[in-house]
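Got your viewer open? Let's take a walk through this structure, one selection at a time.

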Amino acid sequence: MSTSASAAPSAATDAPPGDRVPNRTADSGLRGHLDIGSRVVERIAEVAARRVDEVERQPATFGGGLPNATAKVAGQHVRLDVKVAVRWGRPLPHTAAAVRSQVAEQVSELTGLAVDSVAVRIVAVAAGAPAPAAIGAGDEDVT
């Protein structure tokens, strides 16, 4: 009587063609990868910062407008620097914390990157609309 050293047949090869389970480890090197550019991360951070109520959007005159973000992406990690303008009368520490939280959450959720840090710089305080009495003050003709 001879003994055979054959292994049990694989379930993937014995199953009908429609029931086969692909071997995910065999083709893992063939799958692609996704690179997320730093400009994409910066744009997501800028939009997220604008969603904070206290943040004032300022259009660009020279250079970039506000909010403005700079991202440093290294592998699956990102560090962000966000510059914002805040409306007059809003508590600055509270606003910076809200921006930091909103930006970190949105960037992480939308890109899948680990947000290592979000530095928030309040570079301007935007005054509200001028009071009606101040409009035109000093423009009268004295004759």
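What follows is a short tour of a few stops, with something to click on at each one. Keep in mind that you are looking at a predicted model.

**Stop one: two helices**

Start by selecting helix H2, residues 38-50, and then add helix H3, residues 92-111. How far apart are the axes of H2 and H3, and at what angle do they pack? The axes are 8 Å apart, and the angle is about 135°. Because of that angle, H2 counts as oblique to H3. The crossing of the two helices is right-handed.

Now turn on the side chains where they touch. From H2, pick Val41, Ile44, Ala45, Ala48 and Ala49. Their partners in H3 are Val99, Gln102, Val103, Gln106, Val107, Leu110 and Thr111. Sort the residues of this contact by type and you get nine nonpolar, three polar and no charged.

**Stop two: glutamate 46**

Stay in H2 and click on glutamate 46. Is glutamate 46 buried or exposed? Its relative accessible area is 8%, so glutamate 46 is buried, the cut-off being under 20%. Skip the neighbours within four places in sequence and look at what else glutamate 46 contacts: Arg39, Pro67, Asn68 and Ala69.

**Stop three: proline 67**

One of those contacts of glutamate 46 is Pro67, so select that next. Proline 67 sits in the loop between strand S1 (55-56) and strand S2 (68-74). Check the link to leucine 66: the peptide bond joining leucine 66 and proline 67 is cis, with omega about 0°. Most peptide bonds are trans.

**Stop four: threonine 95**

Head back to H3 and pick threonine 95. This residue has 0% relative accessibility, so threonine 95 counts as buried. What does threonine 95 touch, not counting residues up to four places away in sequence? Show Glu54, Val55, Val86 and Arg90 and you have the answer.

**Stop five: glycine 89**

Finally, select glycine 89, which is in the loop between strand S3 (77-87) and helix H3. Is glycine 89 buried or exposed? With 63% relative accessibility, glycine 89 counts as exposed, because the cut-off is over 50%.

Before you close the viewer, draw a distance line from the C-alpha atom of glycine 89 to that of glutamate 54. The two residues are 35 residues apart along the chain, and those atoms are separated by 9.3 Å. You met this glutamate at the previous stop, as Glu54, among the residues that threonine 95 touches.

Methods: Residues numbered from 1 in each chain as written. Predicted model: local features only at pLDDT ≥ 70, side-chain atom pairs only at ≥ 80, totals over all residues. Heavy atoms only, no water. Helix = DSSP H or I, 4+ residues; strand = E, 2+ residues; numbered from the N terminus. Buried < 20%, exposed > 50% of the residue type's maximum accessible area, 1.4 Å probe, protein only. Contact = heavy atoms within 4.5 Å. Axes fitted to C-alpha atoms, helices over the stretch in contact; angles between N-to-C directions. Parallel < 35°, antiparallel > 145°, perpendicular 65-115°, else oblique. Left-handed = near helix turned anticlockwise from the far one by under 90°. Nonpolar A, V, L, I, M, F, W, Y, C, P; charged D, E, K, R; others polar.
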